[in-house]
Amino acid sequence: MALTTLLGNQIAGTLFASAPLQLLSLQVALLKSVPDSSGSGIEVSGGSYAHAQCSPGSHWNIGTNADGKVEVSNLVPISFPSPTNDWGVIAGALLLDSVGNPLVLITLSQPVSVDEGDNQPAFAAGTLTFIFE
């Protein structure tokens, strides 16, 4: 997990310039490539694909892992529509704000092929984990 430059700037503004950081909703986008620091990557398109909606707040667990680092994970499944065409191999994802600005870069530990007729793709509860280093 890595923060995008945009989120890094927003956090710095919140800490050092009293600029509020307020997220009303979050979305997850699936990518066919690993995103770069700006959040650029090849996003899935077509075949009924849409961003998965997820709420900030009580849908997330925030704790400390065994290494003493802050760890955040989803408490509820984050689901995408069932694919009506092949989406290809998914290698990464992005956590986005409500207007689609990339916030967090996600590289999947194991790329996943999503094909027409597959079950609804989802991150099961506890499987989308961010570790702040």
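## Helix H1 and the strands beneath

In this predicted model, helix H1 covers residues 5-16 and lies across strands S1 and S8. The helix runs at about 145° to S8.

The two strands that H1 crosses are themselves paired: S1 and S8, the latter formed by residues 102-114, are joined in the antiparallel sense over 2 bridges. Within this pairing, Ala-2 is placed opposite Leu-105 of S8.

## The sheet

S1 and S8 belong to an open sheet of 5 strands, ordered S1-S8-S7-S2-S3, with antiparallel pairing. The edges are formed by S1 (2-3) and S3 (52-54), each of which pairs on one side only. Strands of a sheet are held in register through backbone hydrogen bonds, in either a parallel or an antiparallel arrangement.

## The S7-S8 hairpin

S7 and S8 run antiparallel and are linked by 8 bridges. One facing pair consists of Leu-96 and Pro-102, the latter in S8.

The two strands form a hairpin, with 5 residues between them. Gly-100 lies in the turn and has a positive phi of about 95°.

## Ala-91 in strand S7

Ala-91 is part of S7, which spans residues 88-96. Its relative accessible area is 14%, and because buried means under 20%, Ala-91 counts as buried.

Beyond its neighbours within four places in sequence, Ala-91 is in contact with residues from two stretches of the chain: Leu-31, Lys-32, Ser-33 and Val-34, and also Ile-106, Thr-107, Leu-108 and Pro-111. Lys-32 is 59 residues from Ala-91 in sequence, yet their C-alpha atoms are 5.2 Å apart in space.

## Leu-3 and a nonpolar surface patch

Leu-3 lies in strand S1, which is an edge strand of the sheet. With a relative accessible area of 31%, Leu-3 is partly exposed. Residues qualify for a patch at over 30% relative accessible area, so the value of 31% for Leu-3 passes this cut-off.

Leu-3 contributes to a nonpolar surface patch together with Ile-62, Val-70 and Phe-132. The area of this patch is about 340 Å².

How values were computed:
Residues are numbered from 1 along each chain as its sequence is written. This is a predicted model: local features need pLDDT of at least 70, side-chain atom pairs count only at pLDDT 80 or more; totals for chains, interfaces and linings use all residues. Side-chain values use heavy atoms; hydrogens and water are left out. Two strands pair if DSSP finds at least two bridges between them. Helices (H or I, at least four residues) and strands (E, at least two) are DSSP runs, numbered from the N terminus. Contact means heavy atoms within 4.5 Å. Axes are lines fitted to C-alpha atoms, for helices over the stretch in contact, and angles run from 0 to 180 degrees between N-to-C directions. Patches are made of residues with over 30% relative accessible area and no salt bridge: like charges are joined within 9 Å, nonpolar side chains (Val, Leu, Ile, Met, Phe, Trp, Tyr) within 5 Å. Accessible areas come from the Shrake-Rupley method with a 1.4 Å probe; for residues, only the protein chains shown count as cover. A salt bridge is a side-chain nitrogen of Lys or Arg within 4 Å of a carboxyl oxygen of Asp or Glu. Buried means under 20% relative accessible area, exposed over 50%, partly exposed in between (1.4 Å probe, protein chains only).
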